[in-house]
Amino acid sequence: MSSTHEGGCVCGAIRYRVSGQPAIAQACHCTFCQRRTGSAFALVVAFKEDQVEMTGTTITQYEHRSDESSRWLRSHFCSQCGTSVMITLEKNPGVRVIPGGTFDDPGWFKLGRHIWTRSAHDWIAFPPDVEVREKA
Ligand SMILES: [Zn+2]
Ligand SMILES: [Zn+2]
């Protein structure tokens with residue numbers, strides 16, 4: 001039996017449903033995620049593409065090229081309200097990354113680890129039972 005969880009953008013034009021558990025749920029403290037979200041870190045929840053169903057006509061995408069690896073990363077967002085609802089990466093084909101805060105129940109998944117903590121804010125305290133990585 002696989003459970004499903006739903007979510008979507010702020011205006012509701014884009015909705016999605018995921019089936020089953022994520023491969024990994026991470027808090028990413030990299031400076032790219034800080035900038036693209038305008039926040040201290042990003043909740044990045046990774047699924048296989050066949051676990052994710054997305055509906056809505058306002059979805060659009062922005063392609064960013066990493067200055068380190070020169071590989072692309074695409075941010076899929078709602079052109080009406082600007083909410084990022086999915087990330088895809090050249091590095092991880094077949095993987096769909098859902099921003100954790102867009103789930104209707106944003107607390108349903110278990111956080112697996114914190115990554116890129118070398119650029120984390122110094123006021124962030126990491127719980128002792130969660131894996132912490134300086135880089136990815
Ligand atoms: Zn929207
Ligand atoms: Zn990041």
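**Exercise 1. Work out how many helices and strands the protein has, and in what order they come.**

Start with the count: one helix and 11 strands. Both are DSSP runs numbered from the N terminus, with helices being H or I of at least four residues and strands being E of at least two. Next, read along the sequence, and the pattern is β-β-β-α-β-β-β-β-β-β-β-β. Then check the overall build: the radius of gyration is 15 Å, close to the 14 Å that the globule rule gives for 136 residues, so the protein is as compact as a globular protein of that length. (That radius is taken over C-alpha atoms, and the rule is 2.2 Å times the number of residues to the power 0.38.) The C-alpha trace spans about 40 × 35 × 25 Å along its principal axes.

A word on ground rules: this is a predicted model, where local features need pLDDT of at least 70 and side-chain atom pairs count only at pLDDT 80 or more, while totals for chains, interfaces and linings use all residues. Residues are numbered from 1 along each chain as its sequence is written, and chains are lettered from A and ligands numbered from 1 in the order in which they are written.

**Exercise 2. Find which residues have the most contacts inside the largest nonpolar core, and which strand supplies its largest share.**

First, the term: a nonpolar core is a set of buried Ala, Val, Leu, Ile, Met, Phe, Trp, Tyr and Cys residues joined through C-beta atoms within 7 Å. The largest one here has 23 residues, and Cys28, Phe41, Val85 and Ile98 have the most contacts inside it. Now for the suppliers: β2 (15-19), β3 (24-28), β4 (42-48), β7 (72-78), β8 (84-89) and β9 (95-99) each give at least two residues. The largest share, four residues, comes from β4. Finally, zoom in on Ile98: beyond its neighbours within four places in sequence, isoleucine 98 is in contact (C-beta atoms, placed from the backbone, within 7 Å) with Val18, Val45, Phe47, Val52 and Met86.

**Exercise 3. Trace the open sheet of three strands and name its edges.**

The order is β1-β2-β5, with antiparallel pairing; two strands pair if DSSP finds at least two bridges between them. β1 (4-8) and β5 (52-55) are the edge strands, each pairing on one side only. Looking closer at β2 and β5, four bridges join them, and arginine 17 stands opposite glutamate 53 in β5.

**Exercise 4. Describe how β7 and β8 pair, then place threonine 88.**

These two strands are antiparallel over five bridges, one partnership being histidine 76 with methionine 86 in β8. Their hairpin has five residues between the strands, and glycine 82 takes a positive phi there, near 85°. Threonine 88 is found in β8. Leaving out residues up to four places away in sequence, threonine 88 touches Arg74, His76 and Arg96.

**Exercise 5. Serine 70 and tryptophan 116 have positive phi without being glycine: is each one buried or exposed?**

Here are the cut-offs: a residue is buried with 20 or more other C-beta atoms within 10 Å of its own, exposed with 12 or fewer, and partly exposed in between, with C-beta atoms placed from the backbone. Serine 70, phi about 60°, sits in the loop between β6 (59-65) and β7. With 8 C-beta neighbours inside 10 Å, serine 70 is exposed. Tryptophan 116, phi near 55°, lies in the loop between β10 (113-115) and β11 (131-132). Tryptophan 116 has 21 other C-beta atoms within 10 Å, so it is buried.

Note on methods:
Contact = placed C-beta atoms within 7 Å.
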